[in-house]
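Colleague: Could you take me through one part of this model in detail? I would like a close look at a single helix and what surrounds it, please.

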Amino acid sequence: MLESVINPAAGIYPATGDYVHGLEVRGAQRQLFVSGTMGLDIHGNAPPTLEEQLELIWQNLRRILAEAQMTTDNIVRVTSYLTKPEFAHKNQEARVKALGNRRVPTTAIVVQTLVPEWLVELEVTAVAE
């Protein structure tokens, strides 16, 4: 599988260090579209803090990816749904930590979640050969 970062050098605002404008993927045979994933423990309970929920979200995403024989290295897109704008920085930090040096297209949207205890929800797309 071949990936090419698409970050035009002119005619558009620059991408920051934590994401890219686009990521072209060639040779992917499998695609995994992961539903919005919450920071819930195995009993379906949300811990009270954003940091705890973000830790659980990435743990849950790694588990879902593993079931498809994938890792966070296979993620090509992340969409974050935050209940407050001020959660953006912590969400960014958690994403960068989870993805390491990997930068992918990402969007963060401020929303009202279906359950008030859910502070953040992430949706990812992953691909593999």
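Modeller: Happy to! One definition comes in handy here: a polar contact is a pair of N or O atoms within 3.5 Å; within protein, one must be able to donate a hydrogen and the other to accept it, and residues adjacent in sequence count only if both atoms are side-chain atoms. Bear in mind that this is a predicted model, where local features need pLDDT of at least 70, side-chain atom pairs count only at pLDDT 80 or more, and totals for chains, interfaces and linings use all residues. Residues are numbered from 1 along each chain as its sequence is written, and side-chain values use heavy atoms, with hydrogens and water left out.

Let us start with helix H1, residues 50–67 (helices are DSSP runs of H or I with at least four residues, strands are runs of E with at least two, and both are numbered from the N terminus). From first C-alpha to last, the 18 residues of H1 reach 26 Å, close to the 26 Å expected at 1.5 Å a residue; that expected span is 1.5 Å times one less than the number of residues. After H1 comes Gln-69, which has a positive phi, near 55 degrees.

Which residues of H1 are buried? They are Leu-50, Gln-53, Leu-54, Leu-56, Ile-57, Trp-58, Leu-61 and Leu-65, where buried means under 20% relative accessible area, exposed over 50%, and partly exposed in between (1.4 Å probe, protein chains only). These buried residues pack against strand S3 (30–38), strand S4 (75–82), helix H2 (88–99) and strand S6 (120–128).

Thr-37 gives a view from strand S3, where it is found. Thr-37 counts as buried because its relative accessibility is 7%. Leaving aside neighbours within four places in sequence, Thr-37 is in contact (heavy atoms within 4.5 Å) with Ile-57, Asn-60, Leu-61, Ile-64, Val-120, Glu-121 and Leu-122. The side chain of Thr-37 also reaches the backbone oxygen of Ser-35, at 2.9 Å.

H1 has a charged link as well: Glu-51 and Lys-90 form a salt bridge, with their closest N and O atoms 3.6 Å apart. Glu-51 lies in helix H1 and Lys-90 in helix H2, so this pair ties together parts 39 residues apart in sequence. The rule for a salt bridge is a side-chain nitrogen of Lys or Arg within 4 Å of a carboxyl oxygen of Asp or Glu. Both partners are partly exposed, Glu-51 at 43% relative accessible area and Lys-90 at 37%.
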